[in-house]
Amino acid sequence: MSAGPLEGRRALVTGAASGIGEATARLLLAQGARVALLDRDGERLGAVGKSLDSLALEADVCDEQAVARAVGEATDALGGLDLLVNNAGAGNLARFEDHDADDWQRVLSVNLAAVATVTRAALPALRAAGPGAAIVNNASGSAPRPTRGESAYSAAKAGVVALTQALAQEFAPDIRVNCVSPGVIRTAMTEPLFQIEGLLEPVNEATPLGRAGTAEEVAAVIAFLAGPGAAFVTGQNLVIDGGMSLPQAGIDQVLKGVVGG
Ligand SMILES: NC(=O)c1ccc[n+]([C@@H]2O[C@H](COP(=O)([O-])OP(=O)(O)OC[C@H]3O[C@@H](n4cnc5c(N)ncnc54)[C@H](O)[C@@H]3O)[C@@H](O)[C@H]2O)c1
């Protein structure tokens with residue numbers, strides 16, 4: 001059996017208990033990496049850790065001390081760290097006026113500040129890893145194309161794209177830094193939208209590829225950006241949305257129906 005493209009790589013995936021993070025952890029493992037999983041949902045994380053036979057670290061990415069402890073544990077257990085996938089994130093669909101300062105802070109904290117927190121904690125190990133070290137951040141299609149009801153989330157995710165581009169330059173040539181911007185992907189985060197019958201039909205109709213994406217389809221791009229096939233790629237934001245952002249797919253009008261205004 002030939003070695004996978006990530007053979008020998010040591011990876012940390014945040015938000016690994018569900019959706020895109022879980023699919024990414026599974027794929028990195030299948031491609032030969034050893035993977036540590038980090039999530040704040042201890043129960044789900046335990047189950048995923050067991051099914052993937054991988055180290056599971058319960059931590060909130062917004063808690064600097066917990067992150068430092070978890071990254072230290074991952075680095076010790078794996079014998080170093082070559083790959084970091086900053087995937088943990090959470091949406092908050094509400095009109096700007098319905099967001100108080102705490103809501104705003106929470107959304108910015110988990111989706112943007114935490115990316116810096118985890119990166120800071122992992123940086124010494126990534127720098128020590130040698131050739132092949134890489135970070136992949138999970139931004140969102142809402143970064144380049146903000147939607148109604150996602151002001152804080154869109155602003156945070158646009159920040160992730162900017163942070164990715166800044167760090168790609170600061171960390172070069174030691175560590176490549178890229179991000180992905182998924183469109184509508186069916187996961188626990190978006191399930192409430194899928195549960196409203198017919199809600200996403202106009203989006204699918206206006207999306208060139210005609211459907212929502214899967215966590216596995218995003219994981220495939222994250223694994224590509226983490227791996228040797230992307231050895232000359234850094235500072236990029238790869239949009240994974242079935243072409244939805246080309247005609248903007250009418251999602252702005254759909255979300256207007258959900259949040260009002
Ligand atoms: N699903 C989509 O359509 C979509 C689109 C664009 C971007 N994204 C991004 O993809 C990433 C993964 O989302 P998903 O769709 O797989 O959702 P998901 O809800 O299935 O998974 C998110 C995971 O992150 C974890 N998490 C959330 N806050 C955390 C915290 N403070 N500390 C530690 N873990 C935390 C959750 O427990 C969960 O396991 C997120 O960053 C999200 O913003 C998703």
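This is a short dialogue on reading a predicted model, from a helix pair to a ligand shell and one residue.

Reader: Happy to start with helices. What describes two packed helices?

Author: Good place to begin! Two packed helices are described by the angle between their axes and by the distance between those axes. In this predicted model, helix 4 (residues 101–128) packs with helix 5 (residues 151–171) at about 15 degrees, and their axes are 8 Å apart. Helix 4 is therefore roughly parallel to helix 5, since angles under 35 degrees count that way.

Reader: Is the crossing of helix 4 and helix 5 left-handed or right-handed?

Author: The crossing of these two helices is right-handed.

Reader: Which residues of helix 4 and helix 5 meet?

Author: From helix 4 come Trp104, Val107, Leu108, Asn111, Leu112, Val115, Ala116 and Thr119. They meet Ala152, Tyr153, Ala156, Lys157, Gly159, Val160, Leu163 and Leu167 in helix 5. By type, the residues of this contact are 12 nonpolar, 3 polar and 1 charged.

Reader: Now the ligand, please. How many residues surround the ligand?

Author: There are 28, and the closest are Gly15, Ser18, Gly19, Gly89 and Thr187. Helix 1 (residues 19–30) gives the largest share of the shell, 3 residues. The shell divides into 13 nonpolar, 11 polar and 4 charged residues.

Reader: Let's finish with Gln169. Why does Gln169 count as buried or exposed?

Author: A count of neighbours settles that: 12 or fewer C-beta atoms within 10 Å makes a residue exposed. Gln169 sits in helix 5 and counts as exposed because it has 10 C-beta neighbours inside 10 Å. The C-alpha atoms of Gln169 and Thr234 are separated by 8.3 Å, although these residues are 65 residues apart along the chain.

Technical notes. Residues numbered from 1 in each chain as written. Predicted model: local features only at pLDDT ≥ 70, side-chain atom pairs only at ≥ 80, totals over all residues. Axes fitted to C-alpha atoms, helices over the stretch in contact; angles between N-to-C directions. Helix = DSSP H or I, 4+ residues; strand = E, 2+ residues; numbered from the N terminus. Parallel < 35°, antiparallel > 145°, perpendicular 65-115°, else oblique. Left-handed = near helix turned anticlockwise from the far one by under 90°. Contact = placed C-beta atoms within 7 Å. Nonpolar A, V, L, I, M, F, W, Y, C, P; charged D, E, K, R; others polar. Near = placed C-beta within 6 Å. Buried ≥ 20, exposed ≤ 12 C-beta atoms within 10 Å, placed from the backbone.
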